[in-house]
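User: I'd like a close look at one part of this model, the helix packing and what sits around it. Could you walk me through it in one go?

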Amino acid sequence: MKINKKYIVLGSVALAVMSLLASCDKLDPNSPGVEYMPDMYRSPSYETNAYTTFLGDSVQTNRMPVKGTIARGYMPYTLTNDSTGYGLAGRTLRDPLPFTADIVEQGKTIYGKFCIHCHGATGQGDGLVALKLPGPPPPYNGSLKDLPEGQIFHSITYGKNFMGSHASQISVEDRWKLVRYVQTLQGKTIPSASDTTAAKVVVKPAKAVNAKKKSK
Ligand code: HEC
């Protein structure tokens with residue numbers, strides 16, 4: 001096959017020009033030379049925590065969340081860490097989780113990780129760490145027997161005297177599970193299925209049948 005000389009010459013010239021352009025910049029030894037497709041080497045999108053003047057007022061590309069932003073799945077606890085908040089917790093807060101064997105069992109597992117070393121396996125306040133405390137926790141089924149569920153939650157959230165706050169380690173849902181387990185240690189019995197609050201609410205028979213059907 002005969003190759004046209006013209007193309008060979010043109011091709012060589014093009015290669016020479018490209019290699020000249022691509023070679024190092026004599027003025028700046030760090031310069032990468034001509035970049036044919038800079039978008040492919042350097043993404044035009046902003047990097048997190050990178051510098052930008054685009055927004056004018058800040059150097060960071062990532063912006064602060066709008067004031068009052070609430071993280072997904074997080075409900076702020078608004079009661080204050082004082083006697084007013086404690087009182088309100090006792091009067092107004094109710095465990096949103098049902099008092100069932102399953103929830104109690106889950107609460108027990110969390111208790112075994114976060115509470116047992118102070119409060120003891122049976123909630124007598126005789127955990128190994130409690131023995132070192134100047135004031136061990138009172139037994140749940142003693143002076144804490146009638147502590148309302150809201151106050152149990154409040155004290156787990158903020159802590160009390162020698163007991164630290166557990167808000168950062170244990171999610172709100174898990175704290176309510178703990179409340180259910182602590183209630184059993186207080187001596188409360190898990191209501192049987194026919195004895196739940198829902199069953200106590202007077203509902204018209206027809207509705208109750210519907211509810212049963214739905215839960216299937
Ligand atoms: C470092 C030891 C320690 C750990 C860990 C601990 N507690 Fe306590 N807890 C105490 C002490 C001490 C008290 C008594 C506080 C007081 O009234 O002075 C107490 C009190 C309580 C009370 C009664 C609060 C009130 O309002 O009177 C509850 C309920 C309770 N703890 C639950 C828990 C649960 C649930 C956990 C696990 C998440 C836990 N505690 C972890 C030491 C601890």
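At what angle do helix α3 and α6 pack, and how far apart are their axes?

Analyst: Keep in mind that this is a predicted model. Helix α3, residues 83–92, packs on α6 at an angle of about 140 degrees, and the two axes are 6 Å apart. That angle makes α3 oblique to α6, because the roughly antiparallel class takes angles over 145 degrees.

On the α3 side, the residues involved are Gly85, Tyr86, Ala89, Gly90 and Thr92. They meet Gly150, Gln151, Phe153 and His154 of α6. By class, this α3 with α6 contact splits into 3 nonpolar and 6 polar residues, with no charged ones.

Now follow α6 over to the ligand. The shell there has 21 residues, and Cys115, Cys118, Ser155, Asn161 and Met163 come nearest to the ligand. Three elements give two or more residues to this shell: α5 (116–119), α6 (149–158) and α7 (172–186). Of these, α6 gives the most, with 4 residues. As for chemistry, the shell is made up of 14 nonpolar, 6 polar and 1 charged.

α6 also turns up in the largest nonpolar core, which has 13 residues. Inside that core, Ile152, Phe153, Leu178, Val179, Tyr181 and Val182 have the most contacts. The elements giving it two or more residues are α4 (101–114), α6 and α7, and the largest share, 6 residues, comes from α7. So Phe153 does two jobs in this picture, because it is listed in the α3 with α6 contact and among the core residues with the most contacts.

Leu178 is a handy place to look at the core up close. Setting aside neighbours within four places in sequence, Leu178 is in contact with Gly107, Ile110, Tyr111 and Ile156.

That leaves α4 against α7. Their axes come within 7 Å and cross at roughly 100 degrees, which makes α4 roughly perpendicular to α7. From α4, the contact takes Ile103, Val104, Gln106, Gly107, Lys108, Ile110 and Tyr111. From α7, it takes Asp174, Lys177, Leu178, Arg180, Tyr181 and Thr184. This contact holds 6 nonpolar, 3 polar and 4 charged residues, whereas the contact of α3 with α6 has no charged residues.

Conventions. Residues are numbered from 1 along each chain as its sequence is written. This is a predicted model: local features need pLDDT of at least 70, side-chain atom pairs count only at pLDDT 80 or more; totals for chains, interfaces and linings use all residues. A residue is near a molecule or strand if its C-beta atom, placed from the backbone, lies within 6 Å of it. Ala, Val, Leu, Ile, Met, Phe, Trp, Tyr, Cys and Pro count as nonpolar, Asp, Glu, Lys and Arg as charged, and the others, Gly among them, as polar. A nonpolar core is a set of buried Ala, Val, Leu, Ile, Met, Phe, Trp, Tyr and Cys residues joined through C-beta atoms within 7 Å. A residue is buried if 20 or more other C-beta atoms lie within 10 Å of its own, exposed if 12 or fewer, and partly exposed in between; C-beta atoms are placed from the backbone. Two residues are in contact if their C-beta atoms, placed from the backbone, lie within 7 Å. Axes are lines fitted to C-alpha atoms, for helices over the stretch in contact, and angles run from 0 to 180 degrees between N-to-C directions. Angles under 35 degrees count as roughly parallel, over 145 as roughly antiparallel, 65 to 115 as roughly perpendicular and the rest as oblique.
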